[in-house]
Structures are given as structure tokens and as C-alpha cells.
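Below is a short note for a colleague who will be looking at the same coordinates. The points follow the order in which I went through the chain.

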Amino acid sequence: MATTQLTASSISAKGFASFEGLRSTTNLKVSSFAPLKQNSRSFHGLVVKASTVVSPKYTSLKPLGDRVLVKIKTAEEKSVGGILLPMSAQSKPQGGEVVAVGEGRSIGKTTVEISIKNGTQVVYSKYAGTELEFDGSKHLILKEDDIVGILETDDIKDLQPLNDRVLIKVAEVEEQTSGGLFLTQAAKEKPSFGTVIAVGPGPLDEEGKRKALSVSPGNTVLYSKYAGNDFKGADGSEYITLRASDVIAVLQ
């Protein structure tokens, strides 16, 4: 396969990231350059696909099965002190308002209706669902099981977990080693244990009945290191929501 020899001084194509600090004597082997598509947005060389756009001629959207339509909460453009935030500092919302629900799902011979009602403020898993541009706003259509919990305030500590989800307040990071040495920020390892704040009603069994979880509020637990979704509370404390199956031990 033919290749092209390029030096840093010869790279000037639009839509490609700049290579700052690359010496002119450095050679880059490039097999091919793919042009950016017209319907994509470019951010410093990254191609980001837009949400699926629903035509304005459609005035309603009815989710099927156990799916839920959520109107995404708008990202904060200002800090608490009123300072405008650059795009890189604006965190992607993980919550919104339920605006439509499906008819539910069948478990054996039992039909289980969706427990969340229209107008409910919810928090959902970070990478769940399909984004839609509908009725002039950003929406997300996702399964009910991808909704972490109900949050009617702006503080994550007030979250009401759903199904088999658990809300945990993460233990504080150790500032010193056992020998008394102070740790730098980079050397502080994020703990994987904390205190259970709230639990969901449990998952549904084969008869459509709730099965209670094995952990309770107040338990100090150890959980899988890379599980769940991280949040910061209004008081600066760290919280995590995860499935009960990701809790691996109760500390006593």
C-alpha cells in the first residue's frame, strides 16, 4: 500500500488537528486522508455526529415497550459565581424530565407497567439511550432500566434510586500514607468503598414481584472499582450510583 511522506511544515489541511511542538525533521506516514462529512460538526479535528432530528411535521412521539422519553436538562453555561464556562468545562447533563412512557413490558404472563410518570425529574446512566432533536429540544429515548433514580432537587444526595440501584457516599481520600507522608493530588487513589445512602426497591423476579436488595442504608460497602456513575454533591462530597450486583462486600 502506497504511503505519503509528510513533514510538520507541510500539514495545512482544514479540519485536521494541529501538531504543536512537532519538529520539521519528523516524518509522518499517512495512508489516506478521509474528508469530513458535510452533516458532521468539527471540533479541533474531532468529528461529532449530531442527534437524530425528528421532522417538525411529527407532533408527538410514543415510546414502545419499556422505553421512556426524557427531555434533557440544559447544560449549565455559568458557574455558581456567574462566570461563563467554556464548552470544555460544561459537563454533559445526565438528567431531565420524563415526557412520555411506553406501555411496559411482559414478564411471563404478567404485564409490568412503567413505574415512572410524566413530569418526573430523573437521572440516567451516562451512555444510555438514543439522542433526539424533537419539538425544538434535545431528548433521550431509553429503557426504564437505564434510569438510575428520581431526583426532584439539585442535590444528588436526595436521589431516590430505582430498581436495583444503590446510592453511595464515597469515602474521603486519604491525605497521608501510613508513614505520615502527605500525598500529592496525582498520588491519591480514589477509594472504592463508602456508605450506602439510599437503595432502590429491588429488581423484578420472574413473577413480576420485587426482590429486596441485600444492602441497606447505613451499610459501609466495598464496590467494583470501575462501576457506576460518579456525581458531586452540593457540599462537595463525592457520590456514586451503581447496581447492587456491583457491591462486592459489606464492611463491619
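Which residues does His 139 touch, not counting residues up to four places away in sequence?

1. The model discussed here is a predicted one, and the contacts of His 139 are a useful place to enter it. His 139 touches Leu 69, Val 70, Lys 71 and Ile 72, together with Val 99, and also Thr 130, Glu 131, Leu 132 and Phe 134, when residues up to four places away in sequence are not counted. The residue itself lies in strand 12, which covers residues 137–143. With a relative accessibility of 5%, His 139 counts as buried, because the cut-off for that class is under 20% relative accessible area. A polar atom of its side chain lies 3.4 Å from the backbone oxygen of Phe 134.

2. For the chain as a whole, the model has 20 strands and zero helices. The protein chain has 252 residues, of which buried residues make up 31%. About 17,000 Å² of the protein chain is exposed, and carbon and sulfur atoms supply 52% of that area. Of the contacts between residues at least 6 apart in sequence, 60% join residues that are at least 24 apart.

3. Strand 12 belongs to an open sheet of eight strands, whose order is 5-11-12-6-7-10-13-14 and whose pairing is mixed. Strand 5 (52–53) and strand 14 (160–161) are at the edges with a single partner strand each, so one side of each has no neighbour in the sheet.

4. Within this sheet, strand 6 (residues 67–72) and strand 7 (residues 95–101) are antiparallel and are paired over five bridges; Leu 69 has Ala 100 in strand 7 as its bridge partner. Further along the order, strand 10 and strand 13 run antiparallel and are joined by three bridges, with Val 123 opposite Gly 149 in strand 13. Strand 13 in turn pairs with strand 14 in the antiparallel sense over two bridges, and here Gly 149 stands opposite Pro 161. Gly 149 is thus placed opposite Val 123 and opposite Pro 161.

5. Tyr 124 deserves a separate remark. This residue is found in strand 10 (residues 121–124) and is buried, its relative accessible area being 3%. Tyr 124 and Leu 142 are 18 residues apart along the chain, and their C-alpha atoms are separated by 8.9 Å.

6. Which residues touch the most other members of the largest nonpolar core? This core has 15 residues, and those with the most contacts to other members are Val 68, Val 70, Val 98, Ile 116, Val 122, Leu 142 and Ile 147. Two or more residues are given to the core by each of strand 6, strand 7, strand 10, strand 12 and strand 13 (147–150), and strand 6 gives the most, with three residues. Val 68 touches Pro 63, Val 98, Ala 100, Val 101, Ile 114, Leu 140, Ile 141, Leu 142, Glu 144 and Ile 147, again without residues up to four places away in sequence. A second, separate core has 13 residues, including Val 196, Val 215, Ile 240 and Leu 242. As background, nonpolar side chains in soluble globular proteins tend to be buried together.

7. A further open sheet is made of six strands in the order 18-19-15-16-17-20, and its pairing is antiparallel. Its edge strands, strand 18 (229–232) and strand 20 (247–251), each pair on one side only, and the twist from one strand to the next averages 40 degrees. Strand 18 is paired with strand 19 in the antiparallel sense over four bridges, and Lys 232 stands opposite Glu 238 in strand 19.

8. Is strand 15 largely enclosed or left open by the rest of the structure? Five of the six residues of strand 15 (residues 165–170) are buried, so this strand is largely enclosed by the rest of the structure. Strand 15 pairs with strand 19 (residues 238–243) in the antiparallel sense over five bridges, and it is joined by five bridges to strand 16 (residues 193–199), which also runs antiparallel to it. Val 166 shows both pairings, with Leu 242 as its bridge partner in strand 19 and Val 199 as its bridge partner in strand 16.

How values were computed
Residues are numbered from 1 along each chain as its sequence is written. This is a predicted model: local features need pLDDT of at least 70, side-chain atom pairs count only at pLDDT 80 or more; totals for chains, interfaces and linings use all residues. Side-chain values use heavy atoms; hydrogens and water are left out. Two strands pair if DSSP finds at least two bridges between them. Buried means under 20% relative accessible area, exposed over 50%, partly exposed in between (1.4 Å probe, protein chains only). A polar contact is a pair of N or O atoms within 3.5 Å; within protein, one must be able to donate a hydrogen and the other to accept it, and residues adjacent in sequence count only if both atoms are side-chain atoms. Contact means heavy atoms within 4.5 Å. Accessible areas come from the Shrake-Rupley method with a 1.4 Å probe; for residues, only the protein chains shown count as cover. A nonpolar core is a set of buried Ala, Val, Leu, Ile, Met, Phe, Trp, Tyr and Cys residues joined through side-chain atoms within 4.5 Å. Axes are lines fitted to C-alpha atoms, for helices over the stretch in contact, and angles run from 0 to 180 degrees between N-to-C directions.
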